[in-house]
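Good morning, colleagues. I would ask you to keep the sequence and the structure in view while I go through several regions in turn.

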Amino acid sequence: MTTFTPATAADVLSAVQWASAEGAPLEILGQGSKRALGRPLQCEHTLDLSRLAGVTLYEPAELVLSARAGTPLAEIEKLLADNGQQLAFEPMDYGPLLGEAPGRGTIGGVLAANLAGPRRLKAGAARDHILGIHAVSGRGEAFKSGGRVVKNVTGYDLSKAMAGSWGTLAVVTDLTFKVLPAAETETTLAIRGLLDDNATAAMAMAMGSSAEVSSAAHLPERMAGRVLDGRLGGDPATLLRVEGFGPSVAYRLGQLRHLLGNAGPTVEIAGEASLALWRDVRDCRPFADGTDKPVWRVSMPPANAHHMVLALRMQAAVDAFYDWQGGLVWLRMESEPEADLLRALIRKFGGGHATLVRASPAWRASVPVFEPQPPALAALSARLKAEFDPGHILNPGRMVHSPDSATLARATEGATS
């Protein structure tokens with residue numbers, strides 16, 4: 001087994017060219033914080049990008065930051081915080097949920113997994129903030145897309161195509177992101193004691209108001225006790241975050257209290273406590289329990305999510321909490337992943353998709369980890385894969401089963417015809 005540890009983009013190009021020529025599959029790694037997410041890989045060789053690190057450009061006045069792919073995200077976030085700025089989409093740290101130490105993610109992994117946090121309702125995800133990349137395709141060809149200016153718009157944006165590809169299309173070596181000023185202050189209004197249906201209604205009212213709520217989440221009974229080191233207690237908590245200048249935040253909180261005055265008792269959580277609370281929601285701390293009990297990440301219409309969870313609870317032992325106004329549901333099963341049951345219920349209650357984020361290697365090998373694509377979209381994805389990585393050498397099988405030789409030949413022929 002060979003582990004390549006490139007320190008430059010040229011080293012990456014050389015390693016991938018060798019792998020392409022030899023038909024040798026590569027596992028692509030940053031710090032490995034998300035290694036346990038996706039189908040288990042069977043690769044004899046590893047391309048470890050942890051040495052390909054460092055911020056190469058930071059212009060606070062231009063709201064632009066460039067870095068090599070292996071740069072620790074924690075290092076970038078500290079640099080931005082020191083300058084009163086942030087990655088507005090607040091990328092999740094999967095480490096604790098997957099049994100790893102926190103703070104081990106890299107900026108390359110942010111794009112590969114298209115990470116986002118509770119502010120996604122307002123700020124989007126990584127793909128909405130990427131400005132440009134340099135990368136090496138599975139063909140062993142270096143390419144670049146985008147640039148270092150916010151207004152760059154040139155044809156099809158390959159930078160966005162890399163978002164959520166989990167290292168299966170190309171090895172990204174350098175990235176440029178748009179950054180934004182951090183809020184002067186933030187306060188969270190927590191409504192206590194609501195059941196899931198009433199919490200869904202309250203979050204919808206808040207998000208539809210003029211209070212400019214940036215994040216909305218609901219922690220059902222027992223879930224609230226698993227954040228903020230238990231300081232919230234076990235009663236349900238419906239969380240509404242307001243950010244901005246101090247006087248504006250105070251005014252908008254008043255609007256929310258007036259609007260939701262009959263929903264239930266409220267408490268304000270301010271400053272560092274609010275920041276810590278949303279980090280815990282972002283990183284799925286209620287389920288970061290050191291086990292490999294199956295955890296699912298479900299995206300579906302916010303108004304329907306609690307109906308799906310109720311129906312699921314009728315047939316399986318499951319805990320749940322909600323982010324993105326209910327549009328993101330985190331589920332922890334007590335036993336097997338229940339993939340067919342879960343996906344059938346998601347279709348029944350309005351559609352969406354489910355990703356198996358955590359499970360034992362055996363279950364990850366036997367269950368479709370990522371949502372199976374409709375035939376037309378699957379064909380398009382296969383063609384894109386064939387364009388970028390016809391030999392299937394980059395993270396083969398991480399997202400879907402690797403094709404057999406006949407299928408691979410047909411896809412490659414179609415891509416080159």
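Please note at the outset that this is a predicted model.

I begin with a hairpin and its surroundings. Strand β16, residues 318–323, is joined to β17 by six bridges, and the two run antiparallel. One pairing within this ladder sets Asp319 against its bridge partner Arg332 in β17. Together β16 and β17 form a hairpin with four residues between them, and in the turn Trp324 has a positive phi of about 50 degrees.

Strand β17 also pairs with strand β15, residues 295–299: five bridges join them, again in an antiparallel arrangement. Here Arg297 stands opposite Trp330 in β17.

How many of the six residues of strand β17 are buried? Six of the six, across residues 328–333, so the strand is largely enclosed by the rest of the structure. As a general matter, side chains in a regular strand alternate between the two faces of the sheet. In β17, Leu328, Trp330 and Arg332 point one way, while Val329, Leu331 and Met333 point the other way, and all are buried. The two arginine and tryptophan positions named in the pairings, Trp330 and Arg332, thus appear on one side of β17.

I turn now to a pair of helices. Helix α9, residues 305–313, packs against helix α10, residues 339–348, at an angle of about 145 degrees, with the axes 9 Å apart. The crossing of α9 past α10 is right-handed. On the α9 side the contact involves Met308, Ala311 and Leu312, which meet Leu341, Leu342, Leu345 and Ile346 of α10. Classified by residue type, this contact has seven nonpolar residues, no polar and no charged ones.

The next region lies towards the beginning of the numbering. Three strands form an open sheet in the order β1-β3-β2, with parallel pairing. Its edge strands are β1, residues 2–4, and β2, residues 26–29, each of which pairs on one side only. On average, neighbouring strands of this sheet are turned by 20 degrees against each other, direction ignored. Between β1 and strand β3, residues 45–48, there are three bridges, and these strands run parallel. Within that pairing, Thr3 stands opposite Thr46 in β3. Helix α1, residues 9–22, packs on the sheet and touches β1, β2 and β3; its direction makes about 160 degrees with that of β3.

Let me proceed to the aromatic side chains. The count comes to five aromatic pairs. One of them is formed by Trp166 and Phe370, whose ring centres are 5.7 Å apart; because their planes lie at 55 degrees, and only angles over 60 count as edge-to-face, the pair is tilted. Trp166 is in the loop between α5 (158–162) and β9 (170–178), and Phe370 is in the loop between α11 (361–366) and α12 (375–388), so the pair ties together parts that are 204 residues apart in sequence. Are these two residues buried or exposed? Trp166 has 8% relative accessibility and counts as buried; Phe370, at 14%, counts as buried as well.

I close with a residue in another loop. Thr291 is placed between α8 (271–282) and β15, and at 33% relative accessibility it counts as partly exposed. Thr291 and Arg358 are 67 residues apart in sequence, yet their C-alpha atoms are 9.2 Å apart in space.

Conventions: Residues numbered from 1 in each chain as written. Predicted model: local features only at pLDDT ≥ 70, side-chain atom pairs only at ≥ 80, totals over all residues. Heavy atoms only, no water. Buried < 20%, exposed > 50% of the residue type's maximum accessible area, 1.4 Å probe, protein only. Pairing = 2+ DSSP bridges. Axes fitted to C-alpha atoms, helices over the stretch in contact; angles between N-to-C directions. Left-handed = near helix turned anticlockwise from the far one by under 90°. Contact = heavy atoms within 4.5 Å. Nonpolar A, V, L, I, M, F, W, Y, C, P; charged D, E, K, R; others polar. Phe/Tyr/Trp six-rings, centres within 6.5 Å; stacked < 30°, edge-to-face > 60°.
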